[in-house]
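Trainee: Please pick one spot in this model and take me through it slowly. I'd like to see how a single residue fits into the whole thing.

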Amino acid sequence: EPGGATFYETLYRNMSSGLRRMGREDEAALYFMKMVEAASLHKDRLDWMDLWDLGLLIANRAFQGQHWDEFHKAREILAEALRQQKIVEPDELILRAKVLSNLGQCFLATEEFDEAE
């Protein structure tokens, strides 16, 4: 079906996001993987929004489990999402602010205030 892959990509992304917001990280991870599978049918690689979702998912799980190496990797993924967003959508300031907010929260969570600049 034309558009089927993008429909399922969006559906699974939204399911993952909703479950993540409800604190159901393991279920969110399953839907994220389904989203990646659907996206692979029409994309060569993950885009900035995919990286943003991935970074948030890993950061939340790592923070809750106090797995700091994973948490720092998640922060790097969020920073890459931000870099890509600036290139792909340079005039989209609202979503950029949201990614920046999430990235800033990661620095605040570990009290690395100077790094947040």
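**Confidence first, then a close look**

Mentor: Among the elements of the chain, helix α4 (residues 68-88) has the highest mean pLDDT, 96, and helix α6 (residues 113-116) the lowest, 79. That score is the predictor's confidence in each residue, from 0 to 100. Where it is low, the predicted coordinates should not be read in detail. Over the chain the average is 92, and 97% of the residues score at least 70. This is a predicted model, so local features need pLDDT of at least 70 and side-chain atom pairs count only at 80 or more, while totals for chains, interfaces and linings use all residues. Residues are numbered from 1 along each chain as its sequence is written, and side-chain values use heavy atoms, with hydrogens and water left out.

Now for the spot itself: let's go to Val-99. You'll find Val-99 in helix α5, which covers residues 93-109. Helices here are DSSP runs (H or I, at least four residues; strands are E, at least two), numbered from the N terminus. Val-99 counts as buried because its relative accessibility is 0%; the cut-offs are under 20% for buried, over 50% for exposed and partly exposed in between, with a 1.4 Å probe and protein chains only. What does Val-99 touch, leaving out residues up to four places away in sequence? Two tryptophans, Trp-48 and Trp-52, and two leucines, Leu-78 and Leu-82. Touching, or contact, means heavy atoms within 4.5 Å.

Ala-5 sits 94 residues from Val-99 along the chain, and their C-alpha atoms are separated by 25 Å.

For company, try Ser-16, in helix α1 (residues 4-21). Ser-16 has 3% relative accessibility, so this serine counts as buried too. Beyond four places in sequence, Ser-16 touches Ala-28, Tyr-31 and Phe-32.

Let's zoom out. The chain has six helices and zero strands, so the radius of gyration is worth a look: at 14 Å, it is close to the 13 Å that the globule rule gives for 117 residues, so the chain is as compact as a globular protein of that length. (That radius is taken over C-alpha atoms, and the rule is 2.2 Å times the number of residues to the power 0.38.) The C-alpha atoms fill a box of roughly 50 × 35 × 20 Å along the principal axes. Buried residues, Val-99 being one of them, make up 38% of the 117. Of the contacts with a separation of 6 or more, 59% join residues 24 or more positions apart.
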